[in-house]
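User: I am new to this structure and would like a close look at a single part of it. Could you take me through the residues that the UniProt record marks as a binding site, and say what surrounds them?

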Amino acid sequence: MYKILEVKELAASIYYMVVEAKRVAKACKPGQFVIVRADKDAERIPLTICDYDREKGTVTIVFQIVGAGTQMMAALKAGDAFHDFVGPLGCPSEFVSEDLETLKQKKMLFVAGGVGTAPVYPQVKWLHERGIDADVIVGAKTKELLILEEEMKAVAGNLYITTDDGSYGRSGMVTQTISDLVGEGKRYDVCVAIGPMIMMKFVCKLTKELELPTIVSLNPIMVDGTGMCGACRVTVGGKVKFACVDGPEFDGHQVNFDEAMQRQQIYKTEEGRAFLKAKEGDTHHGGCGNCGGDK
């Protein structure tokens with residue numbers, strides 16, 4: 001059992017939890033994720049790691065209520081425990097393994113949308129701890145849905161807040177702020193965008209025009225998290241990839257976002273999953289081909 005040490009509601013239906021998970025905390029790196037279950041019969045829910053403390057043996061997660069599984073999680077209090085807390089899963093962010101001196105020469109821009117702010121935070125924090133201050137754009141629909149502002153402010157080189165309705169910070173979508181910053185003379189070597197699929201699609205559309213290499217963290221439907229079920233199948237550069245083992249980060253300019261978004265919708269029904277299985281054939285499953293995707 002994995003004890004919950006702290007719980008707080010960051011915004012309406014968005015929760016922050018600090019969980020005692022010593023083995024995960026010891027091994028995890030920015031960009032990776034965990035899969036949790038509230039109890040033995042609960043849904044398996046993938047969540048990108050928001051923060052970790054190796055000394056205390058804790059991992060921080062942030063999630064938004066979107067269904068029965070996350071509603072059950074939101075009812076948990078400090079002192080309760082998760083039945084499962086599996087990880088770290090997926091590949092760490094690429095820059096973690098780069099030569100530090102080379103990395104220090106790069107100017108990085110992070111773009112976070114909504115709850116995507118949570119997985120952006122540990123990446124920016126990791127860089128900050130090594131003397132690299134990245135620019136960060138955080139977007140939210142409205143001021144009330146903005147999360148982790150103070151935490152991000154403490155680790156970002158420059159923090160730009162934007163809200164769709166103009167209720168706080170700059171007004172408009174994150175893409176407008178990217179355009180504004182470039183128009184003001186800012187130059188970047190790489191962009192990392194994490195948020196809703198539609199947001200990442202349009203960020204990548206813009207950055208491709210700007211010839212700015214862009215990394216995205218994909219959040220497709222996921223079942224087992226080990227490449228077996230095929231639920232998180234995506235097409236990147238014309239090749240089949242599985243977000244849970246090949247990602248979750250990919251070259252955003254190579255991702256087929258339209259297919260990924262359509263697949264997310266189809267996969268929600270039994271009929272849709274059967275359709276995908278018939279359409280995708282041998283590439284439907286990531287591993288054994290006999291589990292996951294048809295359930």
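Analyst: What follows looks at the annotated residues and then at two of them in turn.

The model is a predicted one, and the annotation "binding site" comes from an unreviewed UniProt entry, where it covers V62, F63, Q64, G69 and T70. In the model, the lining of the largest pocket includes V62, F63, Q64, G69 and T70, so the record and the computed pocket can be read side by side.

Among these residues, V62 lies in strand 5, which runs over residues 58-64. V62 has a relative accessibility of 5%, and because buried means under 20% relative accessible area, V62 counts as buried. Leaving aside its neighbours within four places in sequence, V62 is in contact with L10, I14, Y15, Y16, L47, C50, V115, A118 and I147.

T70, another of the annotated residues, has its place in helix 2, made up of residues 68-74. T70 is also buried, with a relative accessible area of 6%. When residues up to four places away in sequence are not counted, T70 touches I45, F63, Q64 and I65, and of these contacts F63 and Q64 are themselves covered by the annotation. The side chain of T70 has, in addition, a polar atom that lies 2.8 Å from the backbone nitrogen of V66.

Terms used
Residues are numbered from 1 along each chain as its sequence is written. This is a predicted model: local features need pLDDT of at least 70, side-chain atom pairs count only at pLDDT 80 or more; totals for chains, interfaces and linings use all residues. Side-chain values use heavy atoms; hydrogens and water are left out. UniProt positions are given in the numbering used here, feature names are shortened, and annotations may be inferred rather than shown by experiment. On a 1 Å grid over the protein atoms alone, a cavity is a set of points where a 1.4 Å probe fits but cannot get out, and a pocket is an open set with protein on both sides within 12 Å along at least five of seven lines; lining residues have an atom within 4 Å of a point. Helices (H or I, at least four residues) and strands (E, at least two) are DSSP runs, numbered from the N terminus. Buried means under 20% relative accessible area, exposed over 50%, partly exposed in between (1.4 Å probe, protein chains only). Contact means heavy atoms within 4.5 Å. A polar contact is a pair of N or O atoms within 3.5 Å; within protein, one must be able to donate a hydrogen and the other to accept it, and residues adjacent in sequence count only if both atoms are side-chain atoms.
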